[in-house]
Amino acid sequence: MTGHPSSELLALYGSADLPLLERWRIRRHLSRCEHCERQFSIFRASTVELKRLSANETLTGFEAIADWSRLEREMEGNIVVGLDASRCIEKKRGSRGLLLKCAAAAGMGSLFVLGWATHIPGEQSVRIFTALRGAFGGRHANEYQGPILRSVPDGIVVGSPESSMTILHPSTAVVSASGTAGVEARYVDESGQVTITDVYGQ
Amino acid sequence: MCMGSKFLAGLFLALTLGPAAGATDADPNSVPRWLTFDFPRDSPVLPVSFAMGSSTAKIRGTSMMLDLHASFILRNVGGKALSGLTMRVEAPDLQSGKGSVTVPSLTVQPGETFPVKLDMEILRPISAGRMGTPSLVQVALDCALFSDLTAYGPDELHSRHMLVVYQLEARREREYLALLLHNQEWSKLRDELNFGLPEESPRSLGLEFIHGPLGSVANGRAFAVSPVVFSGAPVQPIGGGAEVAGNEVRGPYVELRKMSNRSVRSLELGWIVRDDHDREFVGGSIPVTLSTEAVQSVKITDSGAMRFSNGIGQPMVIGALRAFVNDVEFSDGKVWIPSRADIDQATNDPVLRHELANSPEQQRLAKIYRLKGTTGLAEELKRTN
């Protein structure tokens, strides 16, 4: 070695981070150079002092370099704390979302009840509730259980909810009863021809 | 539809319809097993081509829904002009009902063809399997009516009578409109055919039939059925009644009196419903067979119930009920329908008069008038008269 080693090299020598040959050359220089020996002693004393002071403190930038394993533990701890914190926030958000959903459902429910009360006649309500009661809790003996024949906006349906036949027609068709067990739809198709569809219950 | 549903739909079709499922071949008798035709060999009308269009099968819960869109071309292979046709439509596996497609107001000369469309949905449990029927839907000829009012076909649905009524109504409308055109009564013509034009779509009616044991209803009240009398009718309604609760009519009855000495075989009773907004609809018609010639008056009753709603399913509150005799068939097979004069004299209400005169031919000619004007209507009347 021709000159004095730099401060960085001395610091790295102190933390045993130099290659073997470089470490040997620094050690050899320190044994002969009082100035560098003093410089190195200051570095080592500072490092020892910092380590002692930070034993119960947060890691410093220097210590991060000096003690990777501790840095790793600290990082893991921070990650765990972060994850726990995010879980807490999620729970807060989740409970707020649940509240919003409950409020929306309550609003829709109120609107449905209001619409029902103003649009569905009482006897229809009784019939629907009776049908629901029948579906979930058994039917009354005198209730109609045969095939249903009815018109819907785009067709005439005969059958049951599980098995049915529907003859379709345009929504502009004129619908009327055909006899005592049939429904008829009459319309002019795109070719200008009149078509009449009838559906009969058995 | 997810992949599983597609797979199930495909599997179902493969099992139930065989290799021909989804075929769109033109041969109506051999290939398509979605739908088969049952036309007698000596039928004056025969299918000549057939297509299934965009027909599909879908899974819906534990059921399979078949969406059929069939269109076929029929040819008049007989020697007389064809005036109307009714075909039976049945889904034999379902056994819950049947349907029909009627094409009235035809003027199909021998050798000419005409199109017919059939759009339908069939919902059936996936587990139902096949019951040995040749196809899911069977289309059969029920009755073909010719211009001389003779008919061909088994007439299982009693469609011959209705085809004759439609043809007589068509002749009445064509003659009446031709007279208006000849007399250049443009205002009357507009009133007749532009009626309801601001409402681009007709007022729609929803219906539901209930037969079988009926429970009691709250707020049911007795309603009188008002008769609409045509002066020239051989049978006239004289009154009637029904129990009405909200949108439901139960046990309607009408009393009829015979006004002619001629023997009557049957008649068709039409009835009109007025809603709480004073709008009137022809609710339907009931065929009545009169068995005893000597009886001068008869009471027609029906034990069932019918519920009314508007087109979107909202219950319709019944305001009034009317009944009229739509047509009468005498024992010699001749049919009476009200003339234009009978309809004009029956009521001063233009809406009711329009409802009484409304026929398939009037509906068809009104569309021609709206699309092609007076010239188009005149050409059509020249072609058909």
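**View 1. Contacts across the sequence in chain A.** In this predicted model, 32% of the chain A contacts with a separation of 6 or more link residues that sit 24 or more positions apart. Chain A has 202 residues, and 22% of them are buried. Six helices and six strands make up its list of elements. Read from the N terminus, the order is α-α-α-α-α-α-β-β-β-β-β-β, and the next three views pick out some of those strands.

**View 2. Strand E5 of chain A, covered on both faces.** E5(A) spans residues 182–188, and seven of its seven residues are buried. Why split these residues into two sets? In a regular strand, side chains take turns pointing to one face of the sheet and then the other. On one side of E5(A) you'll find Gly182(A), Glu184(A), Arg186(A) and Val188(A), all buried. The other side holds Val183(A), Ala185(A) and Tyr187(A), and these are buried too.

**View 3. The E4–E5 hairpin of chain A.** Strand E4(A), residues 174–178, runs antiparallel to E5(A), and four bridges join the two. If you want a pair to look for, try Ala177(A) and its bridge partner in E5(A), Val183(A). Three residues lie between the strands of this hairpin, and Gly179(A) takes a positive phi near 70° there.

**View 4. The E5–E6 hairpin of chain A.** Now follow E5(A) on to strand E6(A), residues 194–201: the two are antiparallel, with seven bridges between them. Here Glu184(A) stands opposite Asp198(A) of E6(A). That same Glu184(A) is one of the buried residues of E5(A). Five residues separate the strands in this hairpin, where Gly192(A) has a positive phi near 85°.

**View 5. The largest nonpolar core.** This core counts 97 residues, and the members touching the most others are Ile122(B), Val137(B), Ala144(B), Leu207(B) and Val325(B). Strand E8 of chain B, residues 137–146, gives the core its largest share, with seven residues. Another core, of seven residues, lies apart from this one, and its members include Leu180(B), Leu365(B), Ala366(B) and Tyr369(B).

**View 6. Around Ile122(B).** Which residues is Ile122(B) in contact with, leaving aside its neighbours within four places in sequence? In chain B, they are Leu66(B), Ala91(B), Leu94(B) and Leu136(B). Chain A adds Met165(A) to that list. Ile122(B) is also among the residues of the largest nonpolar core that touch the most other members.

How values were computed. Residues numbered from 1 in each chain as written. Chains lettered and ligands numbered in written order. Predicted model: local features only at pLDDT ≥ 70, side-chain atom pairs only at ≥ 80, totals over all residues. Buried ≥ 20, exposed ≤ 12 C-beta atoms within 10 Å, placed from the backbone. Contact = placed C-beta atoms within 7 Å. Core = buried A, V, L, I, M, F, W, Y, C linked by C-beta atoms within 7 Å. Pairing = 2+ DSSP bridges.
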